[in-house]
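Reader: I should like to understand how charged side chains are arranged in this protein. May we go through the structure together?

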Amino acid sequence: MPRDDVDDFWDLVEQVRTRTGRAGFSDELARELGRRPIPRIARFHATMMRLADRAARWELLAAADLVFARYEGCSADSFHDFRLWLVHLGRDVFEDVLADPDALAELPEIAVLASGDWSNAAFPAMGELCGVAEQAFEIVLGRLTAAVAATIVEPAEFEQRPCEEPCGRFVSFGAEEGRARFPRLTEMFGSEHAALR
């Protein structure tokens with residue numbers, strides 16, 4: 001990924017999160033993106049998809065299984081949306097968790113889940129981020145005359161979606177190995193009901 005695209009991506013995510021927190025994040029991000037040229041909107045989307053793919057790791061999925069223990073583990077759809085939620089938390093959190101998935105236990109958002117609050121406002125999923133760039137594109141078109149807007153082709157980048165399966169070497173954790181690898185998450189969520197990989 002070009003460094004400028006990555007830096008611009010994280011700068012915008014941080015600016016929007018600072019203003020809105022989670023509530024309204026996606027809509028505000030779309031509005032902010034809609035102030036940018038279409039090629040930058042397309043690059044933003046492509047960068048988000050590549051970051052979500054970077055997070056598609058077996059070890060992170062095993063950690064997410066612990067978080068989702070009450071649901072008997074993290075499904076493929078949940079892991080897709082979980083990775084986008086992780087992106088929305090910002091660069092530092094994203095990189096820290098990729099370096100050590102047990103660092104999820106340090107997040108206030110994870111502590112809320114451990115307390116039993118699995119409301120929509122707390123649920124660790126933000127699949128709607130896949131459509132933010134398309135929303136921004138529509139905002140741009142809305143500022144043009146109908147005749148001009150009709151000539152604008154939707155960027156091919158918008159067809160990109162995060163990969164479905166984790167990448168890299170398969171990592172399997174039994175209950176004992178999971179407790180050793182993710183001690184803080186195990187303490188918070190337990191492992192007796194988790195489908196550790």
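Author: Please note that this is a predicted model. A suitable place to begin is the salt bridge between arginine 181 and aspartate 100, whose closest N and O atoms are 3.2 Å apart.

Reader: How many residues apart in sequence are the parts that arginine 181 and aspartate 100 tie together?

Author: Arginine 181 belongs to helix H10, residues 175-181. Aspartate 100 lies in the loop between H6 and helix H7, so the pair ties together parts whose separation in sequence is 81 residues.

Reader: Which arginine in helix H11 also forms a salt bridge with aspartate 100?

Author: Helix H11 covers residues 183-189, and its partner residue is 84 residues from aspartate 100. The closest N and O atoms of this salt bridge are 3.3 Å apart, and the residue is arginine 184.

Reader: Is glutamate 32 buried or exposed?

Author: Glutamate 32 meets arginine 19 in a salt bridge of 3.0 Å, N to O. Buried means under 20% relative accessible area. The relative accessibility of glutamate 32 is 12%, so this residue counts as buried.

Reader: Why is helix H2 described as largely enclosed by the rest of the structure?

Author: Among the buried residues of H2 are Phe25, Leu29 and Glu32. Helix H2 is largely enclosed because the number of its 9 residues that are buried is 7.

Reader: Which elements give two or more residues to the negative patch?

Author: The patch of negative charge on the surface gathers Asp11, Glu14, Asp92 and Asp96. Two or more of its residues come from each of helix H1 and helix H6.

Note on methods. Residues are numbered from 1 along each chain as its sequence is written. This is a predicted model: local features need pLDDT of at least 70, side-chain atom pairs count only at pLDDT 80 or more; totals for chains, interfaces and linings use all residues. Side-chain values use heavy atoms; hydrogens and water are left out. Patches are made of residues with over 30% relative accessible area and no salt bridge: like charges are joined within 9 Å, nonpolar side chains (Val, Leu, Ile, Met, Phe, Trp, Tyr) within 5 Å. Accessible areas come from the Shrake-Rupley method with a 1.4 Å probe; for residues, only the protein chains shown count as cover. A salt bridge is a side-chain nitrogen of Lys or Arg within 4 Å of a carboxyl oxygen of Asp or Glu. Lys and Arg count as positive and Asp and Glu as negative; His and the chain ends are not counted. The place of a charge is taken as NZ of Lys, CZ of Arg, CG of Asp or CD of Glu. Helices (H or I, at least four residues) and strands (E, at least two) are DSSP runs, numbered from the N terminus. Buried means under 20% relative accessible area, exposed over 50%, partly exposed in between (1.4 Å probe, protein chains only).
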